[in-house]
Amino acid sequence: MSLEIDITRQFRGGASISARMTLPTGGGTVTALFGPSGVGKTTILRCIAGLDTPASGRIRMNGEVWFDRATRVNQPPQARRIGYIVQEQSLFPHLTVAENIGFGVAQAAARAVIVKRLLITLGLDGLGNRRPSQLSGGQRQRVAIARALAISPAFLLMDEPLASLDTPARASLRAELRGLLASAGIPAILVTHDQSEALELADHAALMIDGSVRQVGPIAEVFSRPQDDA
């Protein structure tokens, strides 16, 4: 059970980023895609999600090919069953909390049950009829997490999901998120440049420097014995 990534993404002007790594996906394993700002972490995440197209290479999830430039396979985002959480939350302002959470659930019969369960799990019980503008920053991010989990994703991608929160809210939600992912058994990639966040949330780490992934392994090993002095 693994996510295999071997891709290159090129940009105008000659710049490029690359990632070659095999990440474990069993048992809700979380990998931190770690590195300074501007090295291409979000671009790699977008390529995995199908929101950006690599110039070359292949992405394969548990044996299923999501992208292969050579054979012209490029599954759309909805076919990859990925949950995506971003820093800005991107909630629909005209929908209620409950409607936001259930937006991606196709079956109406299951939607109410799933939404109710996630409202309780994420500490949002009683807020289902509110609009995003009536919530705190921490509550809005909880809604975004619930919406990503509502579709029962095969994989969860998180791009600096807690960066916009104040310190108390970030610390509280960080602990809850780790427990939630473990209990749900959903594998995930967490993009972050915060080492303490990576250590608390992740089991593995992929270190990205100057546009390429340099080291992949158990998080304690990557941080205690880096192979790249940069």
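Gly50 comes right after helix H1, and its phi is positive, near 90°. This is a predicted model, so please take each value as computed from predicted coordinates. H1 itself covers residues 41-49, and seven of its nine residues are buried, so the helix is largely enclosed by the rest of the structure. The buried ones are Lys41, Thr43, Ile44, Leu45, Cys47, Ile48 and Ala49.

Staying with backbone angles, there are two residues other than glycine to show you. Arg72 has a positive phi, near 60°. Arg72 sits in the loop that joins strand E5, 64-68, to strand E6, 73-74. Its relative accessible area is 79%, so Arg72 counts as exposed. Asp210 has a positive phi as well, near 50°. The loop in this case runs between strand E10, 204-209, and strand E11, 212-218. Asp210 is exposed, at a relative accessible area of 63%.

Now the interior. The largest nonpolar core contains 42 residues. Which residues have the most contacts inside it? They are Ile101, Leu118, Ile145, Leu156 and Met158. Helix H5 supplies the largest share of this core, seven residues. Another core lies apart from it, with 26 residues, including Ile17, Leu23, Leu33 and Val213.

Take Leu156 as an example from the 42-residue core. Leaving aside residues up to four places away in sequence, Leu156 touches Gly83, Tyr84 and Ile85, then Ala148 and Leu149, then Leu181, and finally Ile186, Pro187, Ala188 and Ile189.

Next, the packing of H5 against H6. H6 spans residues 167-184, and the two helices pack at an angle of about 15° with their axes 11 Å apart. Angles under 35 degrees count as roughly parallel, and H5 and H6 are therefore roughly parallel to each other. Their crossing is right-handed. On the H5 side the contact is made by Gly138, Gln141, Arg142, Ile145 and Leu149; on the H6 side, by Ser172, Leu173, Glu176, Leu177 and Leu180. Sorted by class, that contact has five nonpolar, three polar and two charged residues.

One residue of that contact deserves a slide of its own, Arg142. Arg142 is in helix H5, residues 137-150. Is Arg142 buried or exposed? Its relative accessible area is 14%, and the cut-off for buried is under 20%, so Arg142 is buried. Not counting residues up to four places away in sequence, Arg142 touches Leu122 and Leu124, along with Ser172, Leu173 and Glu176. Those last three are also on the H6 side of the helix contact.

That is the end of my slides.

How values were computed. Residues numbered from 1 in each chain as written. Predicted model: local features only at pLDDT ≥ 70, side-chain atom pairs only at ≥ 80, totals over all residues. Heavy atoms only, no water. Helix = DSSP H or I, 4+ residues; strand = E, 2+ residues; numbered from the N terminus. Buried < 20%, exposed > 50% of the residue type's maximum accessible area, 1.4 Å probe, protein only. Contact = heavy atoms within 4.5 Å. Core = buried A, V, L, I, M, F, W, Y, C linked by side-chain atoms within 4.5 Å. Axes fitted to C-alpha atoms, helices over the stretch in contact; angles between N-to-C directions. Parallel < 35°, antiparallel > 145°, perpendicular 65-115°, else oblique. Left-handed = near helix turned anticlockwise from the far one by under 90°. Nonpolar A, V, L, I, M, F, W, Y, C, P; charged D, E, K, R; others polar.
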